[in-house]
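These are my notebook entries from a session of looking things up in a structure. I began with a sheet and worked outward from there.

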2 protein chains.
Amino acid sequence: MSQCRVLDGVVVAKAIRDDLADRVTAVRLALGRPPALGIILVGDDPASAVYVRGKVKSGADSGLTVDLIRLPASTPLEAVLAEVRRLNASPIHDAILVQSPLPAAMGPHAETTVFETIDPAKDADGFSPVNVGRLVQNRATLRSCTPAGVMEMLKRSDIAVAGRRAVVIGRSDIVGKPMALMLLHANATVTICHSRTADLPAVAREADLLVVAIGRAGFVTRDFVKPGAVVIDVGMNQLTDAATVEAWYPPESKRRATFAKNGSLLVGDVDPRVEEVAGALTPVPGGVGPLTIAMLMNNTVVAAESRAR
Amino acid sequence: MSQCRVLDGVVVAKAIRDDLADRVTAVRLALGRPPALGIILVGDDPASAVYVRGKVKSGADSGLTVDLIRLPASTPLEAVLAEVRRLNASPIHDAILVQSPLPAAMGPHAETTVFETIDPAKDADGFSPVNVGRLVQNRATLRSCTPAGVMEMLKRSDIAVAGRRAVVIGRSDIVGKPMALMLLHANATVTICHSRTADLPAVAREADLLVVAIGRAGFVTRDFVKPGAVVIDVGMNQLTDAATVEAWYPPESKRRATFAKNGSLLVGDVDPRVEEVAGALTPVPGGVGPLTIAMLMNNTVVAAESRAR
């Protein structure tokens, strides 16, 4: 029944990584070593540990050096900043990432302080205010990985953006706002929605291209989607509600089996039944997630290239 | 006939300046001198000369020191940067402004280079990438003056923003993009339009609050405006076409007399007949223009306050 195109993030991420190979080789020739990323992981958050493991593995797959620096949850902010400064000054690190979230005990401004401390030239996540400002001015070289990955997905999937209406649901510093700016620079007419938006489904239905990044499992249902629209699901949520799983997936599906085995299921912000309406949809998992990591590798190579110059 | 409220920028600008008086006094006490702004004006562009004169006058009216540094049009970019660095290091200057546009002969990246060179703590215009990035992260203290002035106008005129649909026409680094971000942070649902937007009048009609900053005289006509919408006109254009003046203004009006006398008329991006549809409208002149200068004074005081701390 469904005519919905599945936008496979694993395939696109592989294409991005393949395109990096020659550039990694060029950096090796110029610097005498591969591009190198330093990751600082503070504390024992299990989700963070999973993400960081994925980044380390992807780095190895791409021929990069990834140094993982683990600090105990009790580390004072000043010691984290000292570690950042050490990597800023390190001649053998091209890029730096401090895994979010930092332990709550560090205080509400810890991440902001870290992002202000990372050398903008080594800012693998593109969260430094200098890089965010340059993004606004459409001249950033290091850009937030998730929205940059979405742009790569659209480009490599031949999905037109210019002149079309894009709606972004979610206004985070990491996804929503940079996503809106990148779509704007690609000549879309962009609307940003959030928790205070009145009649959100009606606004979302204006979209030819709908990007959802709010962190609420299955929040976007069929009535948010104009028939034929492209829907990009940035959400990553652990679904534990059996009734929802039964409503979403047919009895014999793999997804039901996975849920039965694990008691939870990684799902996005988009109800999977949106595929009955949408023209294209990114799955979760296997949609935007792999792109984020591929773009982190890309940023590391970009940072290394500018050192090699 | 018209029920349209005129949003008087001169009155609001005076209120902003009045609110600065006590803060200027506090800075005088703390630093032993008034807040001080250094303006660098390169070349002989007549419009720039007019703008700068307005800034110098407004500074004097507000009790600030304004140092005007004039450089010939032939000044090399490096010499302009040297002057910026001198003001960065100067203990008697709190804020710095380099008047745009710089002479075209300086090359296409001259302004960007200047904005990257100004100390973010002294960035009176809020154009430094660090301050733009902090604006995205909703923690900027020095923000682009024109959109910040529009926000002040809305606030002081008791015009609700939260939950309403705002449409910004124009995506410049100086007005359109920061305007969209400020409206977003005030909880509007924000759409940004531009030259590539399809069916612009229809998109504009979605707006409860329409901000126009594209630099085309009278571009926004009645069919762009939902009845009752608030329309903010950021345009400043010299109209020289007699037929347009006759179409816009009644025979005995002051505006026609001004045109007859001067051969041109300062007008906005909004056709004045929009007042037949809009619920509120900023005039040109006397709308957004005075707010921009008032917010420049505000930024100078903010920069001085942070030095006084």
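Entry on the sheet. I looked first at an open sheet of three strands in chain A, which has the order β3-β2-β4 with parallel pairing; two strands pair if DSSP finds at least two bridges between them, and helices (H or I, at least four residues) and strands (E, at least two) are DSSP runs numbered from the N terminus. β3 (65-71) and β4 (95-98) of chain A stand at the edges with a single partner strand each, so one side of each has no neighbour in the sheet. I noted that neighbouring strands of this sheet are turned by 15° against each other on average, direction ignored. Strand β2 (residues 36-42) of chain A runs parallel to β4(A) and is joined to it by four bridges, and A:I39 stands opposite A:L97 in β4(A).

Entry on conventions. I am working with a predicted model, in which local features need pLDDT of at least 70 and side-chain atom pairs count only at pLDDT 80 or more, while totals for chains, interfaces and linings use all residues. Residues are numbered from 1 along each chain as its sequence is written, and chains are lettered from A and ligands numbered from 1 in the order in which they are written.

Entry on the helix over the sheet. I found helix α3 (residues 77-89) of chain A lying across β2, β3 and β4 of chain A, at about 175° to β2(A); axes are lines fitted to C-alpha atoms, for helices over the stretch in contact, and angles run from 0 to 180 degrees between N-to-C directions. A:P76 sits in the loop between β3 and α3 of chain A, and it counts as exposed because it has 11 C-beta neighbours inside 10 Å (buried is 20 or more other C-beta atoms within 10 Å, exposed 12 or fewer, partly exposed in between, with C-beta atoms placed from the backbone).

Entry on the whole chain. I counted eleven helices and eleven strands in chain A. The radius of gyration of chain A is 20 Å, close to the 19 Å of the globule rule for 309 residues, so chain A is as compact as a globular protein of that length; the radius is taken over C-alpha atoms, and the rule is 2.2 Å times the number of residues to the power 0.38. Buried residues make up 48% of the 309 residues in chain A.

Entry on the two copies. How is chain B superposed on chain A? A rotation of 180° with 0.0 Å of shift along its axis does this, at an RMSD of 0.0 Å, and the copies are thus related as by a two-fold rotation axis; the fit is by least squares on the C-alpha atoms of residues with pLDDT of at least 70 in both. The contact takes 24 residues from chain B and 24 residues from chain A, where contact requires C-beta atoms, placed from the backbone, within 7 Å. On the side of chain B that touches chain A, the largest share, seven residues, comes from α5(B).

Entry on backbone oddities. The peptide bond from A:V284 to A:P285 is cis, with omega near 0°, and a cis peptide bond also joins B:V284 and B:P285. A:N187, a residue other than glycine, has a positive phi near 75°; it lies in the loop between α7 (176-185) and β6 (189-193) of chain A.

Definitions and conventions: Two residues are in contact if their C-beta atoms, placed from the backbone, lie within 7 Å.
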